[in-house]
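Here's a quick walk through a model you may want open on your screen. Have a look at the fold, then read on.

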Amino acid sequence: MAERSGQSCFKSKKTGHGSYSTNNQKGSVRLEGNKVKLPKVGWVTLCLHRPLMENSTIKSVTISRTPSGKFYISILVEYENQILPIMPKKFLGLDFAMHGLYVASDEEDANYPNFLRKTEKRLAQAQRKLSKRQKGSHNRKKQRLRVAVLHEKIANQRRDFLHKKARYLVDHYDAIGIEDISVKAMAKRKKGGKFSFGKSVADNGWNMFTNMLEYKLAWQGKQLIKIDKWYPSSQLCHVCGYQNNKTKDLSIREWDCPKCGSHHDRDKNAAINIREEARRISA
């Protein structure tokens, strides 16, 4: 921060992440060039992510500090914008994939790069060093910062990947269907069971991705259609509609339809069924 006349007062001095919000009262918060004026802080130099909308009014700002020591300002503005809903013509179905983010009905799979798993060895080493540092020492503060930077890098890589994937899909389709699944419940499965999904679910950020899809679609008058989680997308043959209950076994990744003989990849078939169900719902 530059040209400060005061200090930020965050909610907590104990945690690495802090934030506080302030309302704009009679121009107490305003932007001029590459600077923003904050109450009790003064003028602060910033790198503006994107310009504010024309004829917009600043309502409030939230200043946050990451554990690595970086400061961010989120500006809430009010402006008039009429978004007319469009009649969807191009539909896409997405089936949640544990290790690849999603399988799409009409696109290549996401093939999520597993940023956390690729960095967890370095992260474990850095955290072991941190645990050995004496509390309150200068070396511990430096090591804590190294750990925070690693975590922040993983989060930034994940967010960047998800934003780019969401933007591409939103630009190419009018409506996107997904299953309304509980990722939190999937992550809680115990390792003693047949499947353990916790780390994979934490890494790929499915909830963050669907939130991005939803608001990016809404900005263009498009829609995200959530299919009931009990819809048997993996069991139905998308060619003839036959329901194969044997596919309730998650270990079955491919199967042949006993009725029409079609060969199915489990996830691709589910994505196509989700697309068609989204088409039916929007009709």
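Let's start with helix α6, which covers residues 266-282. It has 17 residues and spans 25 Å from its first C-alpha to its last, close to the 24 Å expected at 1.5 Å a residue. Bear in mind that what you're looking at is a predicted model.

Which residues of α6 are buried? They are R266, D267, N269, A270, A271, I272, N273, I274, R275, E277 and A278. As for what they pack against, the partners are strands: β7 (91-97), β8 (101-104), β9 (175-179), β10 (223-227), β11 (254-256) and β12 (263-265).

Zooming out, the chain's secondary structure adds up to 6 helices and 12 strands. Of its 283 residues, 38% are buried. If you take the contacts with a separation of 6 or more, 63% of them come from residues 24 or more positions apart.

**Helix against helix**

Now for α2, residues 138-172, and how it packs with two other helices. Here are the two pairs side by side.

| Pair | Angle | Axis separation | Residues by class |
|---|---|---|---|
| α1 with α2 | about 170 degrees | 9 Å | 9 nonpolar, 5 polar, 6 charged |
| α2 with α5 | about 40 degrees | 9 Å | 10 nonpolar, 1 polar, 4 charged |

Take α1 (residues 115-132) to begin with: its angle to α2 is about 170 degrees. Anything over 145 degrees counts as roughly antiparallel, so that's the label for α1 and α2. On the α1 side, the contact uses F115, L116, T119, R122, L123, A126, Q127, K129 and L130. The α2 side brings R140, Q143, R144, V147, L150, H151, K153, I154, Q157, R158 and F161.

Next comes α5 (residues 206-219), packed at about 40 degrees to α2. These two helices are therefore oblique to each other, and their crossing is right-handed. From α2, the contact takes in R159, L162, H163, K165, A166, R167, L169 and V170. From α5, you'll find M208, F209, M212, L213, Y215, K216 and L217.

**Two residues with positive phi**

Most residues other than glycine have a negative phi. With that in mind, check out N55 and L101. N55 has a phi near 60 degrees, and L101 has one near 80 degrees; each is a positive value in a residue other than glycine.

Where do they sit? N55 is in the loop between β4 (42-45) and β5 (57-65), while L101 belongs to strand β8. Is N55 buried or exposed? Its relative accessible area is 75%, so N55 counts as exposed. L101, on the other hand, has 0% relative accessibility and is therefore buried. Recall that β8 is one of the strands the buried residues of α6 pack against.

**A stop at K37**

One last residue to click on is K37, found in strand β3 (residues 35-38). With a relative accessible area of 28%, K37 is partly exposed; that class applies because the value falls between the 20% and 50% cut-offs. What does K37 contact, leaving aside its neighbours within four places in sequence? The answer is S28, V29, R30, G42 and W43. You can also check its spacing from G27: the two are 10 residues apart along the chain, and their C-alpha atoms are separated by 9.0 Å.

Methods: Residues are numbered from 1 along each chain as its sequence is written. This is a predicted model: local features need pLDDT of at least 70, side-chain atom pairs count only at pLDDT 80 or more; totals for chains, interfaces and linings use all residues. Side-chain values use heavy atoms; hydrogens and water are left out. Axes are lines fitted to C-alpha atoms, for helices over the stretch in contact, and angles run from 0 to 180 degrees between N-to-C directions. Angles under 35 degrees count as roughly parallel, over 145 as roughly antiparallel, 65 to 115 as roughly perpendicular and the rest as oblique. A crossing is left-handed if the near helix is turned anticlockwise from the far one by less than a right angle, and right-handed if clockwise. Contact means heavy atoms within 4.5 Å. Ala, Val, Leu, Ile, Met, Phe, Trp, Tyr, Cys and Pro count as nonpolar, Asp, Glu, Lys and Arg as charged, and the others, Gly among them, as polar. The expected span of a helix is 1.5 Å times one less than its number of residues. Buried means under 20% relative accessible area, exposed over 50%, partly exposed in between (1.4 Å probe, protein chains only).
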